[in-house]
Amino acid sequence: MDADFLVLKVRDHAGSLGELSEGESLPLGSRAEVRKALENALPSIDWDGSSGLWWSGETFSIEVVLPPDANGATDATDANVAEDAVRSLTLKARLNPALSAGPWLRSDEAELESFLLALCDPQDWSLFELGSGRLYELGDEPGERGSGSVLRTAGLAS
């Protein structure tokens, strides 16, 4: 019922994490820019240091995890922390435990994809599914992805 993603900004198209060469991943932006992009795409995200949690109604949540900056600090609100470039972030999509006895529905998947698209598309960020390392192609039909939607294979209903 889980789907975990790594968000990167890559110079050229790569179908998987294994295809990325050294130096091909660009910074996503400063810590403040990345947090602003997350706040624009995920309204009412609740920040706690380097992670944030956002609920879509009562169906699913997206937890965002920013890596610590070069000084080891995790909170950009600390006045002593210099703005470091964020090179990646992790997104953890989870179905509400109260609903986990049943499968995800197509409407839930479509809603989740709309938020992922709102986050990644304006910034030209790429989503890689952590389990397989494959690039997650937003908006593709499941049949076009080879083995089907990462979300469907993570427990979503067909």
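This passage describes the fold, the surface and the ionic pairing of one protein chain in a predicted model.

In this model, local features require pLDDT of at least 70 and side-chain atom pairs count only at pLDDT 80 or more, whereas totals for chains, interfaces and linings use all residues. Residues are numbered from 1 along each chain as its sequence is written, and side-chain values use heavy atoms, with hydrogens and water left out.

The protein chain contains three helices and nine strands, assigned as DSSP runs numbered from the N terminus (helices, H or I, at least four residues; strands, E, at least two). Along the sequence, these elements follow the order β-β-β-α-β-β-β-β-β-α-β-α. Among contacts (heavy atoms within 4.5 Å) between residues at least 6 apart in sequence, 64% join residues at least 24 apart.

Of the 158 residues, 45% count as buried; burial denotes under 20% relative accessible area, exposed over 50%, and partly exposed in between (1.4 Å probe, protein chains only). The chain exposes about 8000 Å², as computed by the Shrake-Rupley method with a 1.4 Å probe. Carbon and sulfur atoms supply 48% of this area.

One salt bridge is found in the whole structure, the criterion being a side-chain nitrogen of Lys or Arg within 4 Å of a carboxyl oxygen of Asp or Glu. The side chains of Arg94 and Asp4 form this pair, at 2.6 Å from N to O. Distant parts of the chain are thereby linked: Arg94 lies in strand E8 (residues 89-95) and Asp4 in strand E1 (residues 2-10), 90 residues apart. Arg94 counts as partly exposed because its relative accessibility is 24%; Asp4, at 24% relative accessibility, is likewise classed as partly exposed.
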